[in-house]
Amino acid sequence: MPALSQPTMAVFKALPIGVLIVMVLKARNQIQNRILITLLVALSFSALGDVLLALDTGQLFISGLAAFFVSHAFYIITILPIKHWRIEVVLLYLFFAIIVFCLFYPNLNDILIPVLFYMLVLTIMASLTWMTDKSNGFLVLGGAVFVVSDSILGLNRFYFEIVHADIAIMCSYYLAQFCLIKGFLPAISKQK
């Protein structure tokens, strides 16, 4: 069986996010327009990031990272406002991020600043899933699994090769996205 071309693989990787976009669109009558837009933008930039990373020949990694940065920023906007601060959650995610960052820091070179900012926005997004009035098990799980997925990706790319990393990254990534959307939809339809 012949291997899939890069463009075909890029479309294939973005398809599950397309399914989540359809889920959000089907719920559009139950949610506020502002939240509908922020979720659609977050998912669209995730799909763009998927495509850019699938086509990555070394030049598109920063563009893919930027697309996911925007996606997380829009997830954060959707999460707001914060109901109650959970400093222990922030410290736990921050501690984990610092450990992971220290492991692949020596190999980042020119992309140190973009990776640092990306890790910061991911850490904020995952932490805030605990602190909103929209918080629920799916939302919290989505944030946590996203951190795990991106940690595997970063460690595999910048620290050491992980056996079957691609499978672990994609499975955990799709699970994270699904959990975030599954967590957001009931929470935001209750608030309408």
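These are my notebook entries on what I looked up in this structure, which is a predicted model.

**Entry 1: the core**

I began with the inside of the protein. The largest nonpolar core holds 53 residues, and Tyr75 and Phe104 have the most contacts inside it. I then asked which elements give two or more residues to this core. They are helix H1 (6-26), helix H2 (33-54), helix H3 (61-79), helix H4 (87-104), H5, helix H6 (137-158) and helix H7 (165-190). Of these, H7 gives the most, with nine residues.

Next I looked up the neighbours of Phe104. Leaving out residues up to four places away in sequence, Phe104 touches Val115, Met119, Gly154, Leu155, Phe158 and Tyr159.

**Entry 2: a nonpolar patch outside**

I turned to the surface and found a nonpolar patch there, formed by Phe69, Ile113, Leu116, Phe117, Leu120 and Ile124. Together these residues have about 520 Å² of accessible area. Which helix supplies the largest share of the patch? My note says helix H5 (residues 112-128), with five residues.

I picked Leu120 for a check of its own. Leu120 sits in helix H5 and has a relative accessibility of 43%. That value makes Leu120 partly exposed, because exposed would need over 50% and buried would need under 20%.

**Entry 3: backbone oddities in the loops**

A reminder to myself: most residues other than glycine have a negative phi, and most peptide bonds are trans. I went looking for exceptions.

- Leu80 and Pro81 are joined by a cis peptide bond, with omega at about 5 degrees. Pro81 belongs to the loop between H3 and H4.
- Asn109 is not a glycine, yet its phi is positive, at about 50 degrees. I found Asn109 in the loop between H4 and H5, and it is exposed, with a relative accessible area of 62%.
- His164 is not a glycine either, and its phi is positive at about 60 degrees. His164 lies in the loop between H6 and H7. At 60% relative accessibility, I have it down as exposed.

**Entry 4: cysteines**

How many disulfides does a search of the whole structure find? The search came back with zero. Cys171 is in no disulfide, and its nearest cysteine sulfur, that of Cys179, is 13 Å away. I looked from the other end as well: the closest cysteine sulfur to that of Cys179 is in Cys171, at 13 Å. Why is there no bond here? The sulfurs are too far apart for one, because a disulfide needs them within 2.5 Å.

Then I asked of each cysteine: buried or exposed? Cys171 is exposed, at 53% relative accessibility, whereas Cys179 is buried, with a relative accessible area of 1%.

**Entry 5: a charged pair**

Side chains of opposite charge can pair when their charged atoms come close. My last look was for such pairs, and the count came to one salt bridge. Which side chains meet in it? They are those of Arg86 and Glu88, with 2.6 Å from N to O. This distance counts as a salt bridge because the cut-off is within 4 Å.

I also noted how open each partner is. Arg86 is partly exposed, with a relative accessible area of 25%. Glu88 counts as partly exposed too, at 43% relative accessibility.

Definitions and conventions:
Residues are numbered from 1 along each chain as its sequence is written. This is a predicted model: local features need pLDDT of at least 70, side-chain atom pairs count only at pLDDT 80 or more; totals for chains, interfaces and linings use all residues. Side-chain values use heavy atoms; hydrogens and water are left out. Patches are made of residues with over 30% relative accessible area and no salt bridge: like charges are joined within 9 Å, nonpolar side chains (Val, Leu, Ile, Met, Phe, Trp, Tyr) within 5 Å. Accessible areas come from the Shrake-Rupley method with a 1.4 Å probe; for residues, only the protein chains shown count as cover. Helices (H or I, at least four residues) and strands (E, at least two) are DSSP runs, numbered from the N terminus. Buried means under 20% relative accessible area, exposed over 50%, partly exposed in between (1.4 Å probe, protein chains only). A nonpolar core is a set of buried Ala, Val, Leu, Ile, Met, Phe, Trp, Tyr and Cys residues joined through side-chain atoms within 4.5 Å. Contact means heavy atoms within 4.5 Å.
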